[in-house]
Amino acid sequence: MHIYLLALFAFLFVSAGCSTTSMKGTPFYTGEYEQREGPAADRVNLWPLFYYRDPALSVIWPFMELCPDHLAVRPLYSVYNRSSDHAVHNVVWPISRFDPANERYRIFPVYWGNEYFNVFPLYWHEGDPFSGIGHNAFFPFWIWNNKADGHSLDILWPIYASQQFPNHQHWRIWPLYGTSKKEDSLYRYYAWPLIHTYTDASYTGHAVLPVYGYRKGR
């Protein structure tokens, strides 16, 4: 009996037509459709074990589906937008995905596409950081970020950092020394967290923790 059922499923799978994009799966998977090819009298409905109505077929839904828009043998392989020139392929989803229309690809942990290449979670590259706008990072060895109005660099984070932007300049070799300037304020530390000095438009102060602290306002 089992052999006859398998033979029936194989025959229907091979003979299922794919002549329109209006059918994108079975009604149980993606909803009802405006147009169907096969007559309702020819429908085979043993859902979720088996469903067929030309041109859609599903076997043990949602593991296996075939229709004009996509083919899926989940989780091993699936392809969507089959009728277009930019079909989206998934291999052992979610590990691998190839989306040429949006130029986004991945084979975990590697992600790449239009002007970006990442190896999660250590290496990140996007844009043109060395001669234009973008970032490049190999954490924790370096983090380089180049923007239109300035740039920042971290080396062996959090030990060394440098930021140069119009409204913020920052530099440190932690824990020996660090300085941060924002508009009319200036802050410095020495041998962090021991010695601190700070000033802005309304007050100045300094501290040697936990021994001494001083602050003077206007």
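The following paragraphs describe the nonpolar and aromatic groupings of this predicted model.

The interior is considered first. In soluble globular proteins, nonpolar side chains tend to be buried together. The largest nonpolar core here has five residues, namely F50, Y52, L57, V59 and L66. Two elements, β2 (50-53) and β3 (56-59), each give two or more residues to this core.

Nonpolar side chains also occur at the surface, where F141, W142, I155, L156, I159, I173 and L176 form a patch with about 620 Å² of accessible area together. One of these residues, I159, is located in the loop between β15 (150-155) and β16 (160-165). Its relative accessible area is 38%, so I159 is classed as partly exposed. F141 and W142 belong to this patch, and ring pairs also link them with F117, Y123 and F138 into a cluster.

Aromatic contacts extend beyond that cluster. The structure holds 15 aromatic pairs. Among them, F108 and Y111 are arranged edge-to-face, with 6.3 Å between the centres and 90° between the planes. Both rings are partly exposed, F108 at 46% relative accessibility and Y111 at 26%. The pair formed by Y177 and Y190 is instead tilted, at 5.3 Å centre to centre and 50° between the planes. This pair links distant parts of the chain: Y177 is in strand β18 (residues 177-182) and Y190 in strand β19 (residues 185-190), 13 residues apart. Y177 counts as partly exposed because its relative accessibility is 23%, and Y190 is likewise partly exposed at 35%.

An aromatic ring can also face a charged group. R215 lies over the face of Y203, 3.8 Å from the ring centre.

Note on methods:
Residues numbered from 1 in each chain as written. Predicted model: local features only at pLDDT ≥ 70, side-chain atom pairs only at ≥ 80, totals over all residues. Heavy atoms only, no water. Patch = residues over 30% accessible without salt bridge, like charges linked within 9 Å, V, L, I, M, F, W, Y side chains within 5 Å. Areas by Shrake-Rupley, 256 points an atom, 1.4 Å probe, with all protein chains shown as cover. Salt bridge = Lys/Arg side-chain N within 4 Å of Asp/Glu carboxyl O. Helix = DSSP H or I, 4+ residues; strand = E, 2+ residues; numbered from the N terminus. Buried < 20%, exposed > 50% of the residue type's maximum accessible area, 1.4 Å probe, protein only. Core = buried A, V, L, I, M, F, W, Y, C linked by side-chain atoms within 4.5 Å. Phe/Tyr/Trp six-rings, centres within 6.5 Å; stacked < 30°, edge-to-face > 60°. Lys NZ or Arg CZ within 6 Å of the ring centre and 35° of its normal.
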